[in-house]
Each structure stands twice: as structure tokens, then as C-alpha cells.
Amino acid sequence: KWIKIVLAEYQGLIIEVFAIDTWYSVPSKDKTGKDKTRWGFNGSVAGDSIRNVYINKSITKKRGCANPIRYKI
């Protein structure tokens with residue numbers, strides 16, 4: 001089961017909402033040179049009925065929470 005909606009956040013504020021069509025893997029390496037997989041997506045700006053629910057809302061994160069993935073709002 002893949003994530004269908006992605007929220008773009010800047011300084012704690014949701015600045016855009018995307019509807020995802022497809023996900024793809026991106027080979028990468030970590031700081032030590034070990035292989036890892038990152039993920040990208042193809043999609044478009046979500047429709048107004050979804051976008052208006054989230055756009056310009058605040059996301060609070062705990063200090064030190066650098067992980068860009070969150071599943072609850």
C-alpha cells in the first residue's frame with residue numbers, strides 16, 4: 001500500500017499538496033558509501049477538494065525530528 005498524497009512543508013507550514021501517480025526508487029549511497037534506496041514520485045498538484053484541507057496549515061515537529069516522512073497530521 002503506497003502513499004497517495006504528499007505534503008510539501010517549509011519551516012513548519014504546508015506549502016503544497018501533491019497527488020501521487022507513481023513511485024520510483026533512486027539508488028544512492030549514505031555517508032559511509034553504503035548502498036541505500038531513496039524514493040521519488042511522479043504526480044501533480046492535488047485537486048482543490050484535497051489541497052484546501054491541508055494548504056497553509058502548520059505542522060509541528062519535535063526538536064531534532066529531521067526525518068522528512070510523517071504519517072499522521
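**A three-stranded sheet and one helix**

Let's start with the sheet. Three strands form an open sheet, in the order S1-S2-S3, with antiparallel pairing. Strand S1, residues 5–10, and strand S3, residues 35–45, are the edges. Each of these two pairs on one side only. Neighbouring strands in the sheet are turned against each other by 55° on average, ignoring direction.

One note before going on: this is a predicted model.

Now the overall layout. The protein chain has one helix and three strands. Read from the N terminus, the elements go β-β-β-α. The chain has 73 residues, and 14% of them count as buried. Its accessible surface is about 6,300 Å². Carbon and sulfur atoms hold 53% of that surface. Next, contacts. Take those with a separation of 6 or more: 38% of them are between residues 24 or more positions apart.

Back to the strands. How many bridges join S1 to S2? Six, and the two strands run antiparallel. Strand S2 covers residues 13–29. For one example, look at Leu7: its bridge partner in S2 is Val17.

On to charges. Side chains of opposite charge can pair when their charged atoms come close. In this model, the count comes to two salt bridges.

Take Arg51 and Glu16. Their side chains meet in a salt bridge, at 2.6 Å from N to O. What does this pair tie together? Arg51 lies in helix H1, residues 48–54, and Glu16 lies in strand S2, so the salt bridge links parts that are 35 residues apart in sequence. Are the two partners buried or exposed? Arg51 is partly exposed, with a relative accessible area of 23%. Glu16 has 16% relative accessibility, so Glu16 counts as buried. The cut-off here is 20%: buried means under that value.

The other pair is Lys29 and Asp35. Here the side chains meet at 2.5 Å, N to O. Lys29 and Asp35 are both exposed.

Last stop, the surface. Which residues make the nonpolar patch of about 290 Å²? Tyr10, Leu13 and Ile15. Find Leu13 in strand S2. Leu13 is partly exposed, at 34% relative accessible area.

To recap: an open antiparallel sheet of three strands, one helix in the chain, and a salt bridge from Arg51 in that helix H1 to Glu16 in strand S2. That's the tour.

Notes: Residues numbered from 1 in each chain as written. Predicted model: local features only at pLDDT ≥ 70, side-chain atom pairs only at ≥ 80, totals over all residues. Heavy atoms only, no water. Pairing = 2+ DSSP bridges. Helix = DSSP H or I, 4+ residues; strand = E, 2+ residues; numbered from the N terminus. Axes fitted to C-alpha atoms, helices over the stretch in contact; angles between N-to-C directions. Salt bridge = Lys/Arg side-chain N within 4 Å of Asp/Glu carboxyl O. Buried < 20%, exposed > 50% of the residue type's maximum accessible area, 1.4 Å probe, protein only. Patch = residues over 30% accessible without salt bridge, like charges linked within 9 Å, V, L, I, M, F, W, Y side chains within 5 Å. Areas by Shrake-Rupley, 256 points an atom, 1.4 Å probe, with all protein chains shown as cover. Contact = heavy atoms within 4.5 Å.
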